[in-house]
Amino acid sequence: MTEQSESDLHLLPERQRVPQPPAGNWKVSGWTGEFRDRGVESRYLQDNQHLLGRQLRMALLVWAVLVMLFAVPDYHALGSSTEFGIMLGIRLSTAIALIAFAWLVRQRPVLATQARWVSAIEVGAITLFMGIYLMRPELAAWTVTLTLIMLIALFIFVPNRIPAVLGVSVYMAVCTMVMVDYINPKTGRELFGLGVLLLAPILIGWGAAVRTQVLQRKQYAMWRKAEHYNGILTREMEERARLQDALLLQATTDSLTGLNNRRQYERLFGQEIARADRKGQALALCIIDLDHFKQVNDTWGHSAGDLVLKAVAQLCRENFRTIDILGRLGGEEFVVLLPDTDLETARHIANRFIRTLATTPLSIGDREVNITATAGVVERLPGEMMLESLVQRADAAMYRGKRAGRNQVVAG
């Protein structure tokens, strides 16, 4: 087994563990509509800042347009008077502040997630709105009705943290009660009734906002958990594919040299036999046996012999053709299948390799040695279907070369 496949198998127990969900408390508060875990809430706001920014910009721009539209009835009621000029100044100031903040949010969407800024612009706009009571006291009842609508809108249409909206809405309700009492003093019972009236939209808006916020955060929690488990599944599939590749490599290659092992070589030989028969092409086989390899092991040890085998395998890859199939039969013996190759061409290819090997020093640690080899080459005979038959004939030719002095190619 190669080092890579051993490490892959070592990972199996780790992958069998039950994956844990992403860290954090995913529970949502029932009154704020926010995650109880501040870290999770911060991630939620960060991930949704662009969406919240778009929603806030739209709400601010609509608010600014509505503020300016009400200047029309002001003009019809007040004409070109000083009071109309003051009212118009209030409305323009409010609209400009809203539009300016919308522009800032476009530049920095993170502002939409920071309640202090959203609340500040709301408080400023509400404070300016209170001027309507002073400038047009005859519209107090109508202004209170508009205030009721605005209280609900603060919760539903303007993105902000619910605790902050509660504070802003209470501020607006208190200001309304103060202004109504200022322009037309009320009894305690009347102020209490007005307070209850103003409290109703606050409670309705709060309930609707909490429900919406809770649903949004539950969806976010489900998305984050699904993303987490999808990531685990993806990594699991990648690791399984990597392990499968490692096991396939182990099953088809020689662990020392990386060449095809006997099982894979026999499978590829069967494919080449079928192709040669189908197309009527020649097929040759070459067996290469290193000369005096035992002396390498006896002189420098088996680790040095392994280095030589690896070096010879690499030399085979570099010198044989890309269509040739390389394998290790065992020990110091290599085999090469040469598709679409007759005997003479195979002998030429093998001779070229034998000469290259003899003249190429191989590194063994801090020393270099020269290794020679003897090769036997045969061409497949008509009707010859067994790999063992070709190997035996090539082996016999190779041994003839050994007896004839080694470092040569003999055709069988």
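Here is a short tour of a sheet, a helix pair and some salt bridges in a predicted model.

Local features need pLDDT of at least 70 and side-chain atom pairs count only at pLDDT 80 or more, while totals for chains, interfaces and linings use all residues. Residues are numbered from 1 along each chain as its sequence is written, and side-chain values use heavy atoms, leaving out hydrogens and water.

Let's start with the sheet. Five strands (E runs of at least two residues in DSSP, numbered from the N terminus) form an open sheet in the order β2-β3-β1-β6-β7, with mixed pairing; pairing takes at least two DSSP bridges. β2 (325-330) and β7 (409-411) each have a single partner strand, so one side of each has no neighbour in the sheet. β7 pairs with β6 (residues 373-379) in the parallel sense over three bridges, and A375 sits opposite V409 in β7.

Next, the salt bridges. With a cut-off of 4 Å between a side-chain nitrogen of Lys or Arg and a carboxyl oxygen of Asp or Glu, the count is 19. Here are some of them, with N to O distances:

| Pair | Distance |
|---|---|
| E388 and R262 | 2.8 Å |
| E272 and R275 | 2.9 Å |
| E384 and R393 | 2.8 Å |

E388 in helix α16 (residues 387-403) and R262 in helix α12 (residues 262-279) are 126 residues apart; helices are DSSP runs of H or I, at least four residues long. E272 and R275 both lie in α12, three residues apart.

Buried or partly exposed: which is E384? At 7% relative accessibility, E384 is buried (under 20%; exposed is over 50%, partly exposed in between, with a 1.4 Å probe and protein chains only). R393 is partly exposed at 22%.
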